[in-house]
Amino acid sequence: MIDSSHIGREFGAHTADIEKGRLRFFAKATGETNPIYFDEEAAKAAGHPALPAPPTFLFSMDMEVSDPFEILEIMDIDLEKILHGNQEFTYFKDVYAGDSISFTSKVTDIFDKKGGALEFVVKKTSATNQNGDVVAEMTRTIVVRNG
Amino acid sequence: MSNVTYASVNVGDVIPALTKGEITRTTLGLFAGASGDHNPIHIDIDFAKNAGMEDVFAHGMLSMAYLAQLVTNWAPQTALRSYGVRFSAITHLKDRITCSGEIIEKFEENGETRVRLKLQAANQDGDVKLAGDAVIALP
């Protein structure tokens, strides 16, 4: 069983730059057809200062931390056993190419179901831009399959 | 897409659906790189088999990105206030994901008129892979 004393633990603080080349790659990889996400002229024509980061992109930027699987190592969870259970975003400010986003994460809950056959770790991440504005909060639930 | 207004929509309205292309190994390789999720279970069949899976399978966040496109095709992203999903089943190679959404609530919050969309991503057989919702502020 995962030690519930990890609840409240903070980890994974880092900063990532929002790069327009990476935004274009993300648009290509997701089959994006709306040009505001890959064409700067289209973005500006639609009133944006630069290419916007699409709604789930901050999750990817949080993966830029030096060891994205640190949470698993801390809790001694096998990478082969995990699934993504839930993912939530709350948005406060828009994020664009050229922004620099700082992330901090915390374990907010650990629980199990089916007599421990499934365990759940809830991680909450706050994203703050270069002006000190909180741009978004993300909550991720990781499912651990035991047995 | 920016023509949507609070007064023009009703609970029960369905927004235009979005069907994506078949998920291939190339799709997953590109998404691993673009998304920064390098978990080998999505790109390395040897690792996937060792983990007891028959083959690699899609990142949940790929379908969550598809479902986000459904929303941003309908209303500008600057109006998006929250977005959440539950990953209810694994998305496999050769699946074709169709995203759909329905307005389930109209309400006022933080001085804005907002709608809640119920969202779903399902494959070609109608198997639901993601279920969730999004809140959008409409003028």
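**Exercise 1. In β2(B), which residue is the bridge partner of Asn86(A), and how many bridges join β2(A) and β2(B)?**

Solution. In this predicted model, Asn86(A) has Arg86(B) in β2(B) as its bridge partner. A further step along β2(A) brings in Thr90(A), whose bridge partner in β2(B) is Ser82(B). The two pairs belong to the pairing of β2(A) with strand β2 of chain B, residues 80-87, which is antiparallel and runs over 5 bridges.

**Exercise 2. Find the other strand with which β2(A) pairs, and state the sense of the pairing.**

Solution. Within chain A, β2(A) pairs with strand β5, residues 134-145, in the antiparallel sense and over 9 bridges. One position to inspect is Tyr91(A), which stands opposite Ala136(A) in β5(A). When side chains along these strands are followed by eye, it helps to recall that in a regular strand the side chains alternate between the two faces of the sheet.

**Exercise 3. Describe the side of chain A that touches chain B: how many residues does it hold, which elements supply two or more of them, and what is its make-up by class?**

Solution. Begin with the count: 27 residues of chain A and 33 residues of chain B take part in the contact. On the side of chain A, the elements that give two or more residues are α1 (20-29), α3 (57-62) and β2 (82-91). Of these, β2(A) gives the most, with 8 residues. Sorting the side of chain A by class then yields 11 nonpolar, 10 polar and 6 charged residues.

**Exercise 4. List the buried residues of helix α1 of chain B, and say what covers them.**

Solution. The helix α1(B) spans residues 25-35, and its buried residues are Leu28(B), Phe31(B), Ala32(B), Ala34(B) and Ser35(B). The cover over these buried residues includes α1 and α3 of chain A, together with α3 (60-74) of chain B. Just after α1(B) comes Gly36(B), which takes a positive phi of about 80°.

**Exercise 5. Where do Asp76(A) and Lys94(B) lie, and are they buried or exposed?**

Solution. As background, most residues other than glycine have a negative phi, and most peptide bonds are trans. Asp76(A), by contrast, has a positive phi near 60° without being a glycine. Its place is in the loop between α4 (70-75) and β2 of chain A. Asp76(A) counts as exposed because 8 other C-beta atoms lie within 10 Å, where exposure requires 12 or fewer.

Lys94(B) is likewise not a glycine, and its phi is positive at about 75°. This residue is found in the loop between β2 and β3 (98-109) of chain B. With 9 other C-beta atoms within 10 Å, Lys94(B) is therefore exposed as well.

**Exercise 6. What order do the elements of chain B follow, and what share of its residues is buried?**

Solution. Chain B contains 3 helices and 5 strands, and from the N terminus on they run β-α-α-α-β-β-β-β. Its C-alpha trace spans about 55 × 30 × 20 Å along the principal axes. Of the 139 residues in chain B, 37% are buried. Turning to contacts with a separation of 6 or more, 67% of those in chain B come from residues 24 or more positions apart.

**Exercise 7. Which residues does Ala137(B) touch, leaving out those up to four places away in sequence, and why does Ala137(B) count as partly exposed?**

Solution. Locate Ala137(B) in strand β5 of chain B, residues 128-137. With that exclusion applied, Ala137(B) touches Ala79(B), Arg81(B), Glu112(B), Thr113(B) and Arg114(B). Arg81(B) is 56 residues from Ala137(B) in sequence, yet the C-alpha atoms of the two are 7.0 Å apart in space. Ala137(B) counts as partly exposed because it has 18 C-beta neighbours inside 10 Å, whereas a buried residue needs 20 or more.

**Exercise 8. Into which domains is chain A assigned, and how many residues of each are in contact?**

Solution. The domain assignment of chain A gives domain 1, made of 4-18 + 67-145, and domain 2, made of 19-52. Their C-alpha centres lie 26 Å apart. In the contact between them, 6 residues of domain 1 of chain A meet 8 residues of domain 2 of chain A. The side of domain 1 that touches domain 2 divides into 3 nonpolar, 1 polar and 2 charged residues.

Technical notes. Residues numbered from 1 in each chain as written. Chains lettered and ligands numbered in written order. Predicted model: local features only at pLDDT ≥ 70, side-chain atom pairs only at ≥ 80, totals over all residues. Contact = placed C-beta atoms within 7 Å. Helix = DSSP H or I, 4+ residues; strand = E, 2+ residues; numbered from the N terminus. Nonpolar A, V, L, I, M, F, W, Y, C, P; charged D, E, K, R; others polar. Pairing = 2+ DSSP bridges. Domains from an automatic or database assignment.
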